[in-house]
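Visitor: Got a minute to walk me through this one? I'd like to start with the inside and then hop around a bit.

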Amino acid sequence: MNIAGYAETLRKHRRALHQIPELDRALYKTKEYIMQVIGGYDCEITEHCETGLCAFFDKGADSTLAFRTDMDALPITECNEVSYKSQHTGKMHACGHDGHMAMLLGLAEYVNAHDLNYNILLMFQPAEESGGAGGGKELCASGILERHNTKAVFGIHLWPFLAAGKIGSRPGVLMARFTKMLVQVKGKSAHATAPEKGINALHAACRFVDKAYAKHDLLLETAKQAEEKTIFCTGVLNSGAAFNIIPDTARIDGTIRAFQDERFEQVQALVQEAAEETKAQIGADFSIEYTEGYPILSNDPALYKSLDYLDITELEEPLLISEDFAFYGLRVPMVMFMLGTGNDIALHSARFDFDESILVKGLETYLSIIEHFKA
């Protein structure tokens, strides 16, 4: 299958989208661009999640193959000095979603022009980076997969730590379950000269963090295989307003990640233990809240095995990143692939960039699935 002629089209789409990054669900220019491309195609277009779009190509088949891209950018100021630099101050496609969309737009062009054995559903999904009420869950809840008798859903994510143009994945768990954690500490204010009259919320917060990390370190020592790894991380600690006043409140923001629900719940339990022990020692009250987050992203083993016609570099270990593509796998069999950029520039970096020629490999992967898929 020769699709070399698509290289310039993919490059054009990626660079146009890179210049108009938008956040969460407020993707109005992005949606407009996608509509300009697919609006004239022979497909049924439906709107979802405020600015999301789905394009259904009815090829007269009994069942459907679905392909998904995320659309949203990040609140990052781009450092790259390139002709296609972000034109939206403080916003940047630093996670490759511009490339993901470009591949799906290229796929739309191909699907529109060819007779195929399956109907095709292309899903342009907002709010993947939200970390909470992700667009993936909402789009799945719309029933669109079931409505079109979808047999499988596929997605591709750019990944810096693979050679350029290589496709990587693995059967079973690929990415971690994730949640945001909010810990609020309540103490009692007093002057620094009368510490016995107060309960130092900042002190309690620091003690809690130290205890939680120590407990998590012990849990990590019990991990016998990669799937038992977990993450406990605190990224923000806010407390106090004056150098000589004992603060009465503190706030800690962090995250928990795990490849197994049981291990995830173990981390939550040790966080609660750290809070209770700190309260017993210092007297401060703790309130711990978690977002719903994203479930474990697990590739369907049977579906993955059936893709033996693809050249896949099998990853030895799952990745501690998370993705709301995981919600699709709760509905239908799914596989997500990682497409190597080969440049070691990390996702979410203000310097993130890649050679668009790799997008041809992603499009080839999608087209190979359409050609060879067996229900």
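Guide: Sure. Keep in mind that this is a predicted model. The largest nonpolar core has 92 residues, and Phe67, Leu107, Leu122, Phe154 and Phe337 have the most contacts inside it.

Visitor: Which helix gives the largest share of this core?

Guide: Helix H3, residues 97–113, with 9 residues.

Visitor: And what is Phe154 in contact with, leaving aside its neighbours within four places in sequence?

Guide: Quite a list: Ala66, Phe67, Arg68, Leu303, Leu307, Phe325, Val335, Phe337, Tyr366, Ile369 and Phe373. Apart from that core lies another one, of 24 residues, including Ala201, Val209, Phe232 and Ile256.

Visitor: OK, new topic. How much space lies in the largest pocket?

Guide: About 410 Å³. It is lined by 16 residues, and the closest to its centre are Glu128, Glu129, Arg257, Ser322 and His348.

Visitor: Which strands each supply at least two residues of that lining?

Guide: Strand E5 (150–159), strand E8 (177–186) and strand E12 (249–258). By class, the lining splits into 6 nonpolar, 5 polar and 5 charged residues.

Visitor: Now cysteines. How many disulfides does the structure hold?

Guide: The count is 0. Take Cys54: the nearest cysteine sulfur belongs to Cys49 and is 7.9 Å away, whereas a disulfide needs the two sulfurs within 2.5 Å.

Visitor: Is Cys54 buried or exposed?

Guide: Buried, because its relative accessible area is 1%, and the cut-off for buried is under 20%.

Visitor: What about Cys233?

Guide: Cys233 is in no disulfide either, with the nearest cysteine sulfur, on Cys206, 15 Å away. Cys233 has 33% relative accessibility, so it counts as partly exposed.

Definitions and conventions: Residues are numbered from 1 along each chain as its sequence is written. This is a predicted model: local features need pLDDT of at least 70, side-chain atom pairs count only at pLDDT 80 or more; totals for chains, interfaces and linings use all residues. Side-chain values use heavy atoms; hydrogens and water are left out. Buried means under 20% relative accessible area, exposed over 50%, partly exposed in between (1.4 Å probe, protein chains only). On a 1 Å grid over the protein atoms alone, a cavity is a set of points where a 1.4 Å probe fits but cannot get out, and a pocket is an open set with protein on both sides within 12 Å along at least five of seven lines; lining residues have an atom within 4 Å of a point. Grid points are joined across faces, edges and corners, and a volume is the space filled by probe spheres set on the points. Helices (H or I, at least four residues) and strands (E, at least two) are DSSP runs, numbered from the N terminus. Ala, Val, Leu, Ile, Met, Phe, Trp, Tyr, Cys and Pro count as nonpolar, Asp, Glu, Lys and Arg as charged, and the others, Gly among them, as polar. A nonpolar core is a set of buried Ala, Val, Leu, Ile, Met, Phe, Trp, Tyr and Cys residues joined through side-chain atoms within 4.5 Å. Contact means heavy atoms within 4.5 Å.
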